[in-house]
Amino acid sequence: MTKAFKYLSYMLLGAACAGAAWSCTDETYELPEPNITPAELVEGVAFTVEHDAQNPNIIHLKSLMPASYQVAWVTPQGRKTGGEATLSIPFDGSYEVQMGVDTRGGYVWSEPYTFTIDEFCADFVDHYLWKRISGGVGQSKTWQLDLGVLADGSWKATFFGGPHWFFTNTYNWDCLHAANESETVSNNFLDNEDWEASMAITPNSDWSWFADYASNDWLVSGGAQNFGYITFDLINGANVTITDANGNVVSKGTYMLDTDAHTVTLSDTYPLEATDNRTHERFLQLLYLSNDAMLLMAPTEGVTLNYVTKEYFETYTPPVATTITLPEGWDQTLGNQFRYCTWALDQEAPFDWYDLGGAAINGFKSSGDYPDTFKPVSSTVEEFALNLCSPEVGQYTATLPDGSNMTGEISVNPKGFINFSNGIGYLPLGGSTVKLEGSSLTMIAVTFDDFGRVESFVAGLPQADVNGTVYQYLGYKFVADFGGEKKETYKAVLSWNDTGTWTQIDSAPIFVEDGGTYTIKLDAPYTSGMGDPCLWLDVNKILNTHMDCDVVLKDIKIDGVSVAFDDSAISRSRSSDKIEEDGYLGARRYICNPWGLASCFTGLDQFHATSGYEVTFTVSFSTGNSFLGE
């Protein structure tokens with residue numbers, strides 16, 4: 001979010017500072033008068049507009065001014081620079097061109113010069129990009145922004161995940177595409193997982209942000225809605241029509257697609273936009289175009305219009321994962337724990353059904369979430385236990401509700417299985433139909449605690465249809481019991497990045513148990529050329545259980561020297577990282593926020609550390625007041 005706006009704010013700030021500098025001088029300066037007038041910029045005298053001898057749909061523009069002058073052109077195919085320019089215009093009609101000359105007082109522009117194209121040239125629209133944007137000669141294609149509201153009131157986004165992305169405004173087609181892009185080969189960043197910047201026609205390291213609406217609903221000031229449609233056609237010309245969501249025509253115009261420069265220029269209308277009107281341009285840079293999706297960027301703003309076809313949007317369904325992904329090294333960590341912990345069923349949500357990608361289908365979180373026919377059987381849930389290293393290494397003991405034991409050999413397969421040679425019993429787990437059983441279980445999920453130990457795991461029994469095809473899992477959730485009283489523990493991390501490289505550095509974590517005073521250090525030297533520094537402290541997960549906690553800053557050292565500050569002036573917020581969909585996890589103190597620096601600090605330069613930072617803070621689990629205030 002912030003870099004795009006910060007980039008703009010620096011431009012505005014620079015302009016303001018420059019204006020302030022001029023206003024404070026004793027003398028008043030004015031730009032010199034241009035040494036050329038529009039009346040001198042006449043076709044045939046200052047420039048020529050000529051039809052190509054072989055193809056009259058090709059127009060050659062040529063400056064007759066001395067070579068020392070910088071020349072620009074405003075054409076039906078957008079703005080061009082240089083003493084000469086060539087236009088390839090497929091459609092008959094009247095067109096205008098202007099020549100501009102850069103003078104001491106700025107550009108001076110000629111009056112519009114009109115020229116005529118007499119015939120349609122099909123060769124100029126026989127290009128795969130024309131076909132992708134319009135469907136081809138005699139066809140039309142309707143597009144919409146990649147955000148809409150469905151009949152049930154929910155919102156939907158598809159290919160791009162939202163209506164706007166952000167780029168450095170010098171970004172262009174070459175930065176996202178490889179040199180061998182063609183009608184049948186799409187070597188580009190969005191469609192190729194193995195794409196690298198070195199493959200691009202013009203490799204670059206410019207900034208970009210593929211903002212998704214799910215995490216950034218501020219992208220549209222009025223929230224998700226149906227914005228209408230933009231239709232490009234090649235029917236008796238290249239026409240563009242803007243309609244509202246009900247199909248009412250809002251505006252009409254024409255468009256020109258330059259397949260060499262990869263630009264789209266509109267006439268007599270503006271592009272379809274979201275209601276906050278981010279884009280006020282008719283000359284647009286084409287960054288990406290497939291049969292179903294298109295990125296058009298407003299060059300002066302670096303904001304894209306993310307379009308997908310109406311048909312694609314309406315028929316799109318999110319892909320369903322069919323492969324379970326487990327954390328790296330899960331099998332070794334779990335195997336190491338066999339020696340020093342036992343496993344019990346989760347008391348609140350001991351089972352659920354999972355799809356082939358490992359996602360919980362019902363999302364049960366407590367016993368009250370289960371339907372009556374599947375209510376967890378309390379005796380099994382409360383009394384079943386697994387010791388995965390008993391009576392010795394490589395063997396297991398399952399303690400059953402009646403006090404009996406089941407033993408056998410156990411093995412963990414790194415490909416995602418845990419095997420019990422004699423099974424784990426055949427116990428009622430949910431009503432009369434759900435059983436706790438199985439000898440070879442598929443590992444579905446593994447979670448770790450703040451100490452790096454396996455906190456819980458879900459192992460599932462595959463369920464097949466009448467044809468024997470596995471379509472889901474019945475998953476059992478086991479939680480670790482390390483013995484003794486378990487203390488509340490939360491991980492605290494001090495983090496830093498800069499707004500130039502956006503490289504984040506995190507401190508080694510410290511663990512907060514109960515309340516108390518803690519000190520955390522971070523090595524993050526600032527070097528010339530970086531953007532503004534950011535520094536924040538997170539106490540992870542604590543707000544899920546203690547909304548009335550407090551994290552108070554006691555001392556802030558930069559390069560070993562304490563700085564003056566007012567704790568009450570430094571912001572409090574929820575950390576942005578989520579593990580569960582229903583809860584913000586961390587208590588955050590944003591010590592150096594370049595977009596809202598606390599008034600107690602002297603400026604951002606104060607945080608340019610040559611070695612690093614050290615923060616001392618206290619944590620209270622319960623104060624009676626919300627950490628976030630009212």
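Author: A residue is called buried when its relative accessible area is under 20%. The model discussed here is predicted, and in this protein buried residues make up 44% of the 630 residues.

Reader: Which side chains of strand β21 are buried, and which are not?

Author: Strand β21 covers residues 342-345, where W343 and L345 point to one face and are buried. T342 and A344 point to the other face and are not buried. Set against the definition, W343 and L345 therefore have a relative accessible area under 20%.

Reader: Why do the side chains in a strand alternate?

Author: In a regular strand the side chains alternate between the two faces of the sheet. Strand β21 shows such an alternation.

Reader: What makes β21 and strand β31 a pair?

Author: Two strands pair if at least two bridges are found between them. β21 and β31 (residues 470-481) have four bridges, so they count as a pair, in the antiparallel sense. Within β31, F478 is the bridge partner of L345.

Reader: How many bridges join β21 and strand β23?

Author: There are two bridges between β21 and β23 (residues 385-387), again in the antiparallel sense. The rule asks for at least two, so these strands also pair. Opposite W343 stands L386 of β23.

Reader: What is the order of the strands in the open sheet of four strands?

Author: The order is β35-β41-β37-β38, and the pairing is antiparallel.

Reader: Why are β35 and β38 called edge strands?

Author: β35 (516-523) and β38 (561-562) each pair on one side only. The partnership of β35 with strand β41 (residues 612-620) is antiparallel and runs over eight bridges. Since the rule asks for at least two bridges, β35 and β41 therefore pair. In this pairing, T517 stands opposite T618 of β41.

Reader: How does the radius of gyration of the protein stand against that of a compact globule?

Author: For 630 residues, a compact globule would have a radius of gyration near 25 Å, but the protein has 32 Å. The value for the globule comes from a rule, 2.2 Å times the number of residues to the power 0.38, so the protein departs from that rule. Along the principal axes, the C-alpha atoms fill a box of roughly 105 × 70 × 40 Å.

Reader: What share of the contacts joins residues at least 24 apart?

Author: Of the contacts between residues at least 6 apart in sequence, 60% join residues at least 24 apart. A contact here requires heavy atoms within 4.5 Å.

Note on methods: Residues numbered from 1 in each chain as written. Predicted model: local features only at pLDDT ≥ 70, side-chain atom pairs only at ≥ 80, totals over all residues. Heavy atoms only, no water. Buried < 20%, exposed > 50% of the residue type's maximum accessible area, 1.4 Å probe, protein only.
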